[in-house]
Amino acid sequence: MSSLSNAIPFRDLLSLDVDSTQSRLVTIQTRLQEAFPTLYLQRGVFHDTCEMIAAILEEQLGENLDDYLSSRSLMDILNDPTLATPDAINAVLSNFLLTPQTGSAAGGSVVIVVNDDTTVTIALGATFQARGLEYTTTGVTSARVEASQVILPTDTLLTPTGDGNWQFTVSVVCETIGSAGMLNADESIIPDVPPNGYVTSYAANDFTGGVDPETTTDLLARQQAGFAPPGLCNQGNFAAVLRTNPSFANVVNQSVVGYGDPQMLRDKHTIFPIGLGGRVDWYVRTTPQYATQVLTESAVLVAKNANVGTWQISIGRDDAPGFYEIESILPPGSSAGGTFPITEIVPGFDFSTDPWHPDIVNPLEAAFTRYQTVLVQFTDTTTDVSALPLGATQNYSVTVRLMPQIDAIQDNVAQETMRSRAGDILVKAPIPCFLTISFTIVKLPGQADPDLTAIANAVALAVNSVGFTGSLFASVITAAAAPLLSTGQQLQNMDMLGRIVRPDGSSVTIRDPQQLLVPETPTLMVGANTVQFFATPDDINITTM
Amino acid sequence: MSTLTSFVGRLADLNALRTDPVTGLVTFALVAPPDGGQLVVGIAKLFQRYTRTLLLKQGSMPYRPDDGCTFLIDADSGLWRTTFDVGQSFISAGLDVYRQMLADELDTDPPDEMFADASLVNIALTQDQVGITVEVFSQAGTSVVGVLPIVTLPR
């Protein structure tokens with residue numbers, strides 16, 4: 001019984017199948033009557049205290065045995081994943097060499113701002129709080145005043161912020177495994193023991209690495225997709241390539257565009273106006289949410305208009321591989337919002353010294369890939385350049401949106417031992433459709449507000465999980481919010497607004513209260529099998545009435 | 001007092017009711033020293049079967065939701081304020097009890113184990129207890145009387 005009780009939860013004695021229990025009761029009665037023909041077993045003490053209890057226990061054992069047998073059946077598990085315990089399901093799936101992924105903790109850098117330029121030391125294991133979760137430092141960090149004092153690997157330099165304060169960064173990791181610890185750039189994170197002169201602290205970049213442990217449902221889905229062997233062949237094989245590589249096993253969605261797909265442009269490079277095949281564009285969404293990364297770029301002064309300068313930066317292929325767009329360009333450490341106005345963007349591509357690279361002939365094809373490069377010119381409205389010569393340089397903080405790991409996957413499939421000899425494969429970040437979703441929750445008189453934060457999180461999660469379908473229905477949002485509503489509460493005034501950033505750098509806006517439909521634009525590779533929807537909880541605007 | 005011949009050709013149940021020979025008060029006990037349990041047949045078995053049906057709250061037995069009647073449900077719900085209320089409950093539960101008693105019986109059962117009727121002889125109402133005296137009649141024309149104590153204080 002021990003293995004049975006470990007594999008399945010015991011059925012409640014009072015929730016067994018009524019008809020089956022009655023049937024067992026009759027059977028027990030008949031057998032007992034045959035064995036003891038002088039006992040009254042129809043209705044009485046024997047019936048109530050012996051036969052009925054025996055029938056119930058026998059029925060429970062029977063149902064538990066059925067559960068156990070079903071829990072060893074892949075077909076039954078797929079029909080009802082709640083039937084067996086995770087241990088039992090894991091045991092079955094181990095026959096397919098599948099084991100659940102344990103998840104990992106999020107980590108990242110924290111900017112600590114102090115108002116004094118004296119040495120500050122943050123100890124190993126120092127704790128911080130954010131989102132109700134605890135984060136600990138991964139090492140000792142001593143922030144020094146002078147560069148000459150930075151000697152040990154644990155030393156770092158205090159840098160001025162421009163508003164009279166000083167800042168340095170420390171690395172932390174979340175104590176809780178899962179995606180809940182994935183802080184966004186600039187999100188507040190507070191030390192339990194503030195250092196001397198503490199002013200504020202926040203996430204330097206989006207945290208990375210936070211992966212939820214794989215659930216039974218996830219594992220079953222992986223098993224269903226798992227029969228396809230890893231290989232660069234069709235949709236299932238491509239997915240298997242990612243799934244069998246632990247570094248990419250948590251990829252959210254992927255779409256393979258190849259021969260015959262209208263969004264495939266790279267197989268039309270010959271003088272013939274037809275697709276000749278042999279090219280694959282592989283759109284991979286590695287994380288539910290896009291990442292925000294802050295780059296420190298050296299800008300060159302390229303033009304002057306009185307005391308206002310136009311500066312130029314170059315974002316190389318390894319700076320932010322496959323990034324979507326620039327959110328802001330500001331002086332380093334600036335706490336001001338907004339961005340300097342961008343006057344020109346010149347896209348390009350760079351194969352560097354790669355021994356092999358995909359067939360790319362223009363920046364359009366290189367967009368959102370690891371080969372993408374960009375020259376950006378912007379106007380710095382705060383720096384007086386009247387005394388600076390053309391060619392002067394200055395650092396700026398450039399915040400970009402990107403899909404992580406695009407470069408790693410491209411490098412993986414481009415390596416000599418992995419590369420497909422049947423054609424070339426170009427890994428791309430999905431074309432993004434950044435969403436803003438608004439709706440109203442109508443309450444009954446006197447009802448309290450529902451948990452709006454939880455609803456926003458659930459809606460963002462649902463939207464970010466939509467596959468390459470080319471459309472987003474309002475019902476996805478309604479279904480995500482519904483479990484968090486109280487009786488009588490309803491959703492009204494749904495508004496879905498999407499901004500598609502196309503590979504040529506242009507944007508197109510789509511809006512609808514019921515269904516956002518991606519406009520097919522094959523010449524720009526925009527279509528159902530190339531576009532993904534993105535929304536953060538901050539993009540979900542909920543009002544109540 | 002039953003004798004060995006009382007059991008010949010009959011189906012015996014375990015005796016769960018012990019009746020005081022002087023007061024007629026019925027208590028529930030499968031084992032009551034000095035005996036280690038008794039078997040019961042005849043009208044005593046009929047009385048036990050009747051008592052079990054009358055004092056079983058309908059819906060309270062798992063997988064036998066129709067067994068029992070509303071007699072003690074009325075007691076639990078606080079409806080019993082006077083002896084008249086107890087009598088009303090007894091009458092309204094009577095139809096259910098009658099139907100179930102007949103449903104349990106076979107034509108081949110001995111007449112003194114087959115239900116004919118039951119009447120409420122007396123009701124003694126105290127602050128925390130109701131003692132009802134019930135007479136159960138068999139198809140053989142025999143009857144048996146017992147006093148069933150029912151605690152009405154909330155437990």
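**Exercise 1. Describe how β11(A) and β12(A) pair, then place them in their sheet.**

Solution.
- Start with the pair. β11(A) and strand β12 (residues 279–285) of chain A run antiparallel and share five bridges. The model is a predicted one.
- Pick out one position in the pairing. A:Ser255 sits opposite A:Tyr283 in β12(A).
- Recall the general rule. Strands of a sheet pair through backbone hydrogen bonds, in a parallel or an antiparallel sense.
- Widen the view. The chain A sheet is open, has three strands in the order β11-β12-β19, and its pairing is mixed.
- Find the edges. β11 (253–257) and β19 (424–428) of chain A each have a single partner strand, so one side of each lacks a neighbour in the sheet.
- Add the twist. From one strand to the next it averages 20 degrees.

**Exercise 2. State which strands helices α7 and α9 of chain A meet, and at what angles they run.**

Solution.
- Take α7 (residues 235–243) of chain A. This helix lies across β11, β12 and β19 of chain A. Its direction is at about 135 degrees to β11(A).
- Now take α9 (residues 406–414) of chain A. This helix packs on the sheet and touches β12 and β19 of chain A. Its direction makes about 170 degrees with that of β19(A).

**Exercise 3. Decide whether A:Gln29 is buried or exposed, and list its contacts.**

Solution.
- Locate the residue. A:Gln29 belongs to helix α2 (residues 18–35) of chain A.
- Apply the cut-off. Buried means under 20% relative accessible area. A:Gln29 has 14% relative accessibility, so this residue counts as buried.
- List the partners. Leaving aside neighbours within four places in sequence, A:Gln29 contacts A:Leu41, A:Gln42, A:His47 and A:Glu51.

**Exercise 4. Outline the make-up of chain B, then examine the length and burial of α1(B).**

Solution.
- Count the elements. Chain B has three helices and seven strands.
- Read their order. The pattern along the sequence is β-β-β-β-α-α-α-β-β-β.
- Note burial for the chain. Chain B has 155 residues, of which 43% count as buried.
- Check the surface. Chain B exposes about 8,300 Å², and carbon and sulfur atoms supply 60% of that area.
- Check the contacts. Among those in chain B with a separation of 6 or more, 49% join residues 24 or more positions apart.
- Turn to α1 (residues 42–54) of chain B. Its 13 residues reach 19 Å from first C-alpha to last, close to the expected 18 Å.
- Finish with its cover. Twelve of the 13 residues of α1(B) are buried. Among them are B:Phe47, B:Tyr50 and B:Leu54.

Conventions. Residues numbered from 1 in each chain as written. Chains lettered and ligands numbered in written order. Predicted model: local features only at pLDDT ≥ 70, side-chain atom pairs only at ≥ 80, totals over all residues. Heavy atoms only, no water. Helix = DSSP H or I, 4+ residues; strand = E, 2+ residues; numbered from the N terminus. Buried < 20%, exposed > 50% of the residue type's maximum accessible area, 1.4 Å probe, protein only. Contact = heavy atoms within 4.5 Å. Areas by Shrake-Rupley, 256 points an atom, 1.4 Å probe, with all protein chains shown as cover. Expected span 1.5 Å × (residues − 1). Pairing = 2+ DSSP bridges. Axes fitted to C-alpha atoms, helices over the stretch in contact; angles between N-to-C directions.
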